[in-house]
Structure formats: C-alpha cells, structure tokens
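User: Please take a close look at one part of this structure, the small sheet and the turn that leads into its middle strand. After that, go through the loops that have unusual backbone geometry.

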Amino acid sequence: MAQSTETTDWVSRFADEVIEESERRAPGKPVVVASGLSPSGPIHLGNLREVMTPHLVADEVRRRGYEVRHLISWDDYDRYRKVPNGVEGVDASWAEHIGRPLTAVPAPKGSPHPSWAEHFRAAMVDALAELGVEFDGISQTEQYTLGVYREQILHAMKHRGEIDAILDQYRTKKAPGNPGSPGNPGKKPQQSQKPVDEAEVEAAEGSGAAAEDDGSSGSAGYFPYKPFCGGCGKDLTTVTAYDDDTTELTYTCTACGFSETVLLSEFNRGKLVWKVDWPMRWAYEGVVFEPSGVDHSSPGSSFQVGGQIVGSIFGGKQPIGPMYAFVGISGMAKMSSSKGGVPTPGDALKIMEPQILRWLYARRRPNQSFKIAFDQEIQRLYDEWDKLDAKVADGSALPADVAAHSRAVRTAGGELPRTARALPYRTLASVADITAGAEDQTLRILGELDPADPLLSLDEARPRLDKAEAWINTQVPADQRTIVRQEPDTELIKSLDEQGRQSLRLLVDGLADNWSLDGLSDLVYGVPKVQAGFPADATPKELPAEIKVAQRTFFALLYHLLVGRDTGPRLPTLLLAVGQERVRALLGE
C-alpha cells in the first residue's frame with residue numbers, strides 16, 4: 001500500500017507504527033484502535049482527546065486503504081461514584097445511587113433518555129457525528145450482562161493469585177481507598193507534579209481509567225471480580241468464598257447486608273475490577289493502538305500494570321500509543337468554576353465549526369497541552385484558521401500545516417460540511433452583538449461588507465454565523481455587549497474643539513463614497529492622517545508616531561458618540577451596523 005504523502009506530522013508517524021504493529025500481530029485483519037469513555041457525567045473536551053487521538057490515526061490508516069475499527073468502549077457498567085456538580089435536573093438525592101452501574105442510575109430530570117449513562121453518552125455521540133468521527137461503540141453493560149466475557153472472568157478468577165502478585169509489586173504506598181471505592185487497597189494514582197486547574201482535575205476524573213480499582217482482599221483472599229448486589233444493586237460487596245471447580249461464589253453486601261451464593265459460570269451481574277478489566281479487553285479485542293492520559297504516568301497505574309497482566313494472564317499484548325496531555329479551557333468561567341463542570345464537545349460546537357475543533361487536536365502532538373478558547377481568543381483563533389485556509393489554497397502553507405488542515409476539513413469518508421462564504425468570525429460576532437439576532441439587519445450589514453460581491457442570503461454565511469451568534473449570546477457578559485446610543489451625546493459634541501468637530505465632518509462627508517468594510521476602514525484610519533496634512537493612504541512608515549496617538553483619540557471619540565464606551569466592535573463593522581443615517585445623527589451632523 002502506498003504511503004501517504006503527508007509524512008511530516010505526528011499522525012502519519014503513528015499511522016506508520018500502527019500499520020507495522022498490526023501486520024506483525026494480526027496480518028490481514030482489520031487494524032484495531034480504541035478509546036474508552038465513562039458516561040459518569042458530562043463527557044468533556046479533556047475526554048475528547050481520548051477519542052480524537054486514535055480517530056486521527058485511524059483516519060490516516062483508512063486513507064491509505066486499510067480496514068480499521070475504532071472501538072469506543074462506553075464504560076457504562078462502571079460504578080456511579082459521585083453526584084457531579086452543575087448538572088441540570090440533578091440534586092443531592094442522586095447520592096442514593098452511588099455504587100450502582102451507570103446504566104442503573106436514573107437520568108437527570110427532564111431527560112428523554114432511560115438512564116444516566118445513556119443521557120451523557122447520547123450528547124457525546126451527537127458531537128462525534130458532527131465532528132466526523134467514525135467508530136464502533138461497545139456498551140460494557142451489554143458485554144458483561146450478556147456474558148460475553150464469561151471465559152475471561154473465570155480465567156481471571158482462576159489466576160487471581162498471579163494477578164494479586166503483579167499488583168502487589170506496586171503496593172508499596174497504600175491509599176486508604178479510592179474515592180467511591182470503600183476498602184479498595186489499590187494505589188491511588190499520582191498526578192503530574194505540574195499544577196493543574198480545576199477543569200483539568202475534573203478532566204482526569206472523567207474516564208474510567210482514572211478509577212484505578214485493582215480489587216479487594218479479605219479473609220478469603222484476593223478477588224479481581226466485584227458483584228453488584230442482588231438486594232440493593234450496589235457494588236459495595238465482598239466475595240467471601242469461591243470454588244474454582246464449581247465456580248460457586250458467595251458474597252455479602254456491606255450496604256444492605258444481602259448475601260447470596262451463585263455460580264459464576266452463569267452469573268452476569270458483576271465485572272472485573274478496572275486494572276484487570278482493561279488489559280482483558282486489550283486481549284479480547286486485539287487492540288493495537290490506544291492512548292492513555294497523564295493519570296497513568298506513575299508506576300502502579302492501570303496502563304503500567306495492565307501491560308504485565310495482559311501478557312502473563314490473558315496472553316495478549318499491550319497496545320502502543322502515546323500518553324496525552326491535558327486540554328485546558330480559556331474562558332467559560334460561567335460553566336466551570338461557578339458550576340463545577342467543564343465544557344463538553346457539544347458546548348464547543350455551539351460556538352465553533354467542527355473543522356476548527358478538529359484542527360485544535362490535529363495540530364498539536366498528543367503530549368502537548370493546549371487550550372480551547374471560549375473567550376475573546378476565539379476571534380484570534382478564527383483569524384489564524386482563515387489565514388491557514390488561504391495559504392493552503394494558494395500553495396504557500398508548510399507541509400505539516402497542510403496535513404493538519406487536511407485532517408480538520410475532511411476524513412477518509414469525505415469533506416465535512418463547511419460555510420460557503422467564510423466571513424471573518426470577529427465581524428460576524430460584532431454584527432450579531434449589535435443586531436441582537438435581527439436577521440433583516442444582519443443581512444443588510446453583511447450585504448454591505450463588499451458591495452462588489454454582496455452577500456445575498458444569510459444561509460451563505462452559515463453555520464459560521466450561527467456559531468458567532470451563539471458565542472455572543474452565551475459567552476459574552478451582558479456588561480460587555482454593544483448597545484448603540486438612541487440619542488446623540490450633545491454635551492460631548494458641544495465640548496469638542498475645532499479639530500474634534502473637523503474630524504467628525506471629515507468622517508461624515510466620506511461615508512457615502514466609502515460605504516464598505518474596506519472603504520470605512522480606510523476612512524476611519526485616514527481622517528487623522530488628513531488632519532495632520534498627510535495623504536489618507538499614507539503608510540505607517542511615512543507617518544510620525546503622533547499619528548497613532550491621534551488615531552486612538554479619534555477612535556475613542558467615535559466609540560463614545562456611538563456606543564457610550566471607550567471601546568467596542570471594530571469601527572468599520574460598527575459603522576455599517578449602525579447605518580449611514582443613524583451615524584450622521586449620532587455624530588451631530
């Protein structure tokens with residue numbers, strides 16, 4: 001199979017390794033990459049790296065003509081560990097479900113979904129569809145309750161002594177128990193020494209991998225399997241006896257006191273503990289590539305221990321794959337520290353096109369942290385993207401940038417839908433801010449941006465226009481919104497000296513001949529130049545430094561007269577939005 005020509009980026013390098021490793025392990029079979037997500041609460045942008053890293057690699061492998069399976073294991077048979085903060089429709093009463101499988105916990109009030117797990121999984125599935133991520137979803141509830149892993153469970157129980165010995169190598173520092181797992185003697189995961197913010201900590205907790213459960217030991221010995229109680233449905237159980245020959249297992253529940261004896265060869269209401277479950281699945285699915293988060297960087301973490309268990313117990317091999325760094329958030333204070341949550345891919349896709357979100361994950365190596373902007377930085381991000389788009393179109397972009405751009409705008413299955421007329425995001429946001437969503441006014445302003453090629457329908461500017469409007473409406477505080485004055489500030493106008501009044505006359509006199517985005521930009525920058533005796537088109541190199549001061553003074557005057565503040569949207573956009581007649585009235589002319 002021919003190599004991809006995009007060999008300068010991290011995705012291609014991993015694709016090379018994955019193809020080579022897959023052919024060595026299972027020649028002629030589909031390449032298997034994997035992700036794991038726990039729908040224990042909102043699945044957020046930190047968790048998305050768990051999916052996007054293998055997705056991008058899998059997509060590159062597909063582009064080369066190979067058959068690929070990208071598995072997403074929905075860890076919906078994980079225990080419900082805590083009631084997350086800031087989830088609408090959830091109150092303290094949900095604490096009664098702690099210890100039950102996520103699929104046995106009711107969804108938040110008002111949800112159309114049958115369970116907690118399905119409620120949060122559905123939001124992620126919708127986001128992944130918009131992002132163009134192709135995957136095979138596997139419900140671990142279904143796998144366990146249908147008995148799919150029965151042989152693997154019996155095998156693990158038979159070899160529990162060997163598993164215990166492997167785990168014991170890492171129990172030099174014992175934690176009193178992981179949060180939500182009473183009595184678990186496993187080692188608590190060590191986090192990176194680098195300080196992380198609240199959102200990053202929650203991101204680390206979002207995956208099943210972070211639970212780090214390795215089973216429990218009691219008077220009957222160590223067992224890597226945990227039943228869910230037949231009485232209360234919780235996993236606060238202790239195995240008190242097990243017979244390898246008959247598979248007869250007895251457990252008691254510390255929560256409700258229920259006890260029963262079952263045949264494990266027929267019993268499907270329980271699961272392997274995480275540090276055994278994960279390597280078991282590697283072997284069962286034949287996973288070749290799977291990334292892991294920073295919470296697996298310490299000795300004794302699930303990924304490290306799993307590498308030993310998968311081979312010595314299950315006869316498989318540990319996947320290759322990078323350790324990925326945290327994804328931070330710029331802005332979004334309303335949805336993070338104040339509410340206790342962190343933004344999801346769905347939140348991001350409300351304010352940015354899927355190509356932009358894909359690009360953020362594609363252009364940075366997995367071990368590089370980065371931030372996703374929900375604040376004013378999103379405008380700069382879009383400017384950067386539009387410049388890259390233009391460079392790719394004219395052939396001047398660097399190869400690595402071309403590769404990242406390609407992975408953002410298309411998959412092996414084809415191009416992602418895109419905005420037909422990609423007007424600058426900051427312009428769209430400014431217009432949305434000023435018009436407050438009035439479509440007739442929005443079309444008037446956008447249609448006047450370029451009189452030579454006017455926008456004839458708002459649909460041409462969608463979905464980017466919709467994303468910019470959503471950003472204005474959900475992320476810009478009310479006190480930063482732009483409100484155009486209803487009446488002129490006569491006191492300010494009367495107080496102006498002759499130079500100030502002349503600057504307003506020059507601007508008003510030039511409106512009709514310069515009524516376009518570019519024309520108004522030249523006009524507002526040109527007025528102070530003309531007043532100082534220079535041509536309106538004089539370049540900065542031809543002008544003294546004082547001109548910049550005069551321009552800033554002039555801009556501040558216009559903002560005060562138009563919106564009553566020192567700053568606001570870019571003046572050319574603001575002038576177009578206000579309209580010629582109203583501009584003249586507000587400037588006292």
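Analyst: What follows describes the sheet, then one residue in its connecting loop, then three loop sites elsewhere in the chain.

The model is predicted. The sheet is open and has 3 strands, arranged in the order 7-8-9 with antiparallel pairing. Strand 7, residues 237-242, and strand 9, residues 259-263, are the edge strands, and each of them pairs on one side only. On average, neighbouring strands of this sheet are turned by 25° against each other, with direction ignored. In general, the strands of a sheet pair through backbone hydrogen bonds, in either a parallel or an antiparallel way.

Strand 8 covers residues 248-253, and its antiparallel pairing with strand 9 runs over 5 bridges. To place this pairing on the sequence, take L249: its bridge partner in strand 9 is V262.

The loop between strand 7 and strand 8 contains T247. This residue is not a glycine, yet its phi is positive, at about 65°. As a rule, most residues other than glycine have a negative phi, and most peptide bonds are trans. T247 counts as buried because its relative accessibility is 8%, and the cut-off for buried is under 20%.

A second positive phi belongs to A436, another residue other than glycine, with a value near 55°. A436 lies in the loop that runs between helix 14 (425-435) and helix 15. Its relative accessibility is 63%, so A436 counts as exposed, the cut-off for that class being over 50%. Set side by side, T247 is buried, whereas A436 is exposed.

The next site concerns a peptide bond. R462 and P463 are joined by a cis peptide bond, with omega about 10°. P463 is found in the loop between helix 15 (439-447) and helix 16 (464-475).

The last site is L398, placed in the loop between helix 12 (377-394) and helix 13 (399-409). With a relative accessible area of 57%, L398 is exposed. L388 is 10 residues away from L398 along the chain, and the C-alpha atoms of the two are separated by 9.5 Å.

To return to the sheet, the points to locate in the viewer are the edge strands 7 and 9, the bridge between L249 and V262, and T247 in the loop between strand 7 and strand 8.

Note on methods:
Residues numbered from 1 in each chain as written. Predicted model: local features only at pLDDT ≥ 70, side-chain atom pairs only at ≥ 80, totals over all residues. Heavy atoms only, no water. Pairing = 2+ DSSP bridges. Helix = DSSP H or I, 4+ residues; strand = E, 2+ residues; numbered from the N terminus. Axes fitted to C-alpha atoms, helices over the stretch in contact; angles between N-to-C directions. Buried < 20%, exposed > 50% of the residue type's maximum accessible area, 1.4 Å probe, protein only.
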